[in-house]
Amino acid sequence: MQVELQCRSRPSTEAISHDRQDQVEQFFKSGHTNNWAVLVCTSRFWFNYRHVANTLSVYRSVKRLGIPDSHIVLMLADDMACNSRNPKPATVFSHKNMELNVYGDDVEVDYRSYEVTVENFLRVLTGRIPPSTPRSKRLLSDDKSNILMYMTGHGGNGFLKFQDSEEITNVELADAFEQMWQKRRYNELLFIIDTCQGASMYERFYSPNIMALASSQVGEDSLSHQPDLGIGVHLMDRYTFYVLEFLEEIHPASQTNMNDLFQVCPKSLCVSTPGHRTDLFQRDPQNVLITDFFGSVRKVEITTETISLDPNLVILESRTPKDEITTEALKYAEQLPVAQIIHQKPKQKDWHPPGGFILGLWALIIMVFFKTYGIKHMKHIF
Amino acid sequence: MPFMWHQGHACQDSSGDFCVTFQLTVPIAVVFAKGSLPAAQQRRLPFADTREEETPLNLRTSVTTRYETAYRSATGQEEAALALGTVQEADAALLPLQSGSLGSLTIYIIPEGSSLLPQGVSVYIGKHRSAVVRGPPAAGDVLTAVNARVRHIAQTMSFTPDSIAAALSDRVPLGNLGLDTRRPFKSSLGRGCACLPGWVGNPDPKSHDVRWDIEAAVRGYVQPFLDKLSFVANFTVDSQILYYAMLGVTPRFDRNSSSFLLSAHSLPHVINPVEARLGSSAASLFPVLNFLLYVPERAHSPLYIQDRDGALVRTNAFHSPRWGGIMVYNVKHPAADEAPLPLRVDVDMVRVMEVFLAQLRLLFGISRAPLPGEFLLENPGNAGLAAWELDRLLWARTVENVATVSTTLTSLAELLDKIGNIVIKDDVASEVYRAVASVQQAMEELAAGRLGAAFQASKEAVTSSERAFFDSSLLHLLYFPDDQKFAIYI
């Protein structure tokens, strides 16, 4: 006997006022549902240690604030930790006196060494990836993803050097972002760059919903920080160092907004003048939380409805069972003929008729014999 | 200068962008039972009528809704069905007599004095594609009075201009995007698959030995729902038990109710530490919806969720758009401490599935709009999804797919304009042709009122256009963009 409950829908005034309050709150918040981070270090070689340390420190902060490895695309040359010049192998330090090892044992590098090229980088951004690429190397963002992009390395006016062999120009980067926007591969994008003349890289952006920060203006150099006498190189760049100090104060529930990030590293500390660009961004930076990009705070709704199910109506095994595919038990093929190699008697070889060489040899022997002893003996043979 | 396609109009406005008019046709059959029409109007039956409404959404997009209504009187079998005791039985008996094609509606008008519908209810919407309406008094102009009602019901069961506008929110910028537009998956479902893992999180295996019969529950409750949606996308379902998975948040102890409480603003921080332990998103290229049943540890039992006003949530569950849902399952501990640990917990799958299916519906964008009190909506029962709700989903998805394809192909065309020497391989070209042919077919089927064929065509169009756009040979870098050429000569 089935009893089905019927629902009557009646609007209530309390529900309406809640909705309005919700709408007001939602209007100022970002509309994203997931976060991605693309962290790129474009340098290799030992003297560019600080670029790898920069990227790994940002990677650590982003993981600490909640973005999982499956949503981070990390591109590093990864030749620091096991470099023969590293006095402390398997470590990459970001504070002098070797205070903080940012390499550790749970760093997931997606593109390493010679895979960090301009082509791979643009493929990751635009999604035009060969179908055989594994999932960890893809940027599977959708129209409700907020993406954080961090790039560091050596740059100039309008370009960024990749691994000492190629360059990416600001026009290409802007075009890549436009291709991302056309397919709605991001909801909002925060672009941070720590190179010399970094502000030139964001000059050409023209897609909406992009906010950009750079460590120095055109014509200025970004300087390094934290020289360590034990390791022999500079361990960090100034701008990233102070940004990370700022991020240490942030926890997943904090309400700090972007305006505070713009104030990080004034000229007195950084020697270069950091710049930022917000004209393409729709929301006011005052309302943009740091955790909108650096963390992964999910939007959550309480489930208020249920469906009513009747356990007596459950259809059990109503579909025809799939045909059983009989598989025979598989076993491992013999790798080595051990029985033949060690003590056992040798395998009987199959008999083959004698080959050409043997036949020729015998023919020669017979001919020599008859030559020597005369042809009349041949009649005894044939 | 405007130019026309075959069906549905396409024009080009001054900025060179294509504007698109969607023509959506809903075939409706209105069946009058004996005694619901005055004799004068009864003689006019059967006849057909078509009404069009055009709604411009913005300068470039407009929606024309055509209701092709066929009015007729009830056959003998239908009269017999409508004479049954309850309206649910009538609905079940009428089902084989309807055309039943996707997107069509059948509305039965019964006399005002009929007792088929309960008191105070004038419209009953069944779980298939039909509705029963109590007609106005048979004395006056029933037809006109019924038309307004029919239009309202048709909008509820198929689409409204607002729901189409929400599906097109890429092309039509909306002011305040409500929660409804953010929750459901967009055309990512067009990629073809979604993965639905179910998890039990047991942080305290010393105290609780959790058993759940997930296979039977999936077979009995989830699979019928997914089978109904199999037209839309392919689904795979997994399940796993996760031990020692802690919530990232420490619940507060409330002395009044001697229970632990999770407040609403700490809920967003629950998901991340748990997600790090779930392996599913690392493995699959397709969108994943996670459903987690959390059995709180003995030290933190019972655990309840508080909403924003401080009231306890009845379902003890919450969900996150495009991620999935979490439900907290409290276990009754016997008062005496001699009970042997671990305590065996057999999870009540019915209760759990009721919540999970409700969350699944919300995450797919199937929600109930508020209706006036005189409407009676039939519970979809164990299938979880009424046929007309599926139709609503299909209308929105088809329109969204067509809009996505047009944006994708336009963007691809712009890319080709910008880079003059780009090479288009033959397979990319054939995908583009196929996408264009499929989208034209989809528009034709939409205008003809054949929703099933329209959705299929739009799905093929999206697949082809995505394959063409994301082909790895189309990277602009490979073709020496102009800004790179000058550097050689300087």
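In this predicted model, chain A and chain B share 16 residue pairs in polar contact, both residues of each pair being at pLDDT 80 or more. On the side of chain A that touches chain B, the elements giving two or more residues are helix H1 (13–28), helix H3 (118–126), helix H4 (170–182) and strand S13 (301–302) of chain A. Sorted by class, that side of chain A holds 23 nonpolar, 20 polar and 24 charged residues.

The rule also finds four salt bridges across the interface of chain A and chain B. One of the four joins B:Arg322 to A:Asp142. The closest N and O atoms of B:Arg322 and A:Asp142 are 3.5 Å apart.

**Extent of the interface**

Interface size is often expressed as the accessible area that is lost when the parts come together. Between chain A and chain B the buried area is about 6700 Å², and carbon and sulfur atoms give 53% of this area. Within the area that chain A buries against chain B, 12% is supplied by A:Arg128, A:Glu301 and A:Leu309, more than any other three residues supply. The contact draws 67 residues from chain A and 80 residues from chain B.

**Strands**

Strands in a sheet pair through backbone hydrogen bonds and may run parallel or antiparallel. The table sets a strand pair between the chains beside a pair within chain A.

| Strand pair | Bridges | Direction | Opposite residues |
|---|---|---|---|
| S13(A) and S15(B) | two bridges | antiparallel | A:Glu301 and B:His319 |
| S1(A) and S4(A) | eight bridges | parallel | A:Val40 and A:Met151 |

In chain B, strand S15 covers residues 317–320. A:Glu301 thus appears in two places: as one of the three residues named for buried area, and as the residue opposite B:His319 in S15(B).

Strand S1 of chain A covers residues 34–41 and strand S4 of chain A covers residues 145–152. Both belong to an open sheet of seven strands in chain A, in the order S3-S2-S1-S4-S8-S9-S12, with mixed pairing. Strand S3 (111–112) and strand S12 (275–277) of chain A stand at the edges of this sheet; each has a single partner strand, so one side of each has no neighbour in the sheet.

**A residue of chain B**

Is B:Ser411, in helix H11 (residues 387–418) of chain B, buried or exposed? B:Ser411 has a relative accessible area of 2%, so B:Ser411 counts as buried, the cut-off being under 20%. Leaving out residues up to four places away in sequence, B:Ser411 touches A:Gln182 and B:Phe469.

Terms used: Residues numbered from 1 in each chain as written. Chains lettered and ligands numbered in written order. Predicted model: local features only at pLDDT ≥ 70, side-chain atom pairs only at ≥ 80, totals over all residues. Heavy atoms only, no water. Contact = heavy atoms within 4.5 Å. Buried area = accessible area lost by both parts, 1.4 Å probe. Salt bridge = Lys/Arg side-chain N within 4 Å of Asp/Glu carboxyl O. Polar contact = N/O pair within 3.5 Å; in protein donor to acceptor, adjacent residues only side chain to side chain. Helix = DSSP H or I, 4+ residues; strand = E, 2+ residues; numbered from the N terminus. Nonpolar A, V, L, I, M, F, W, Y, C, P; charged D, E, K, R; others polar. Pairing = 2+ DSSP bridges. Buried < 20%, exposed > 50% of the residue type's maximum accessible area, 1.4 Å probe, protein only.
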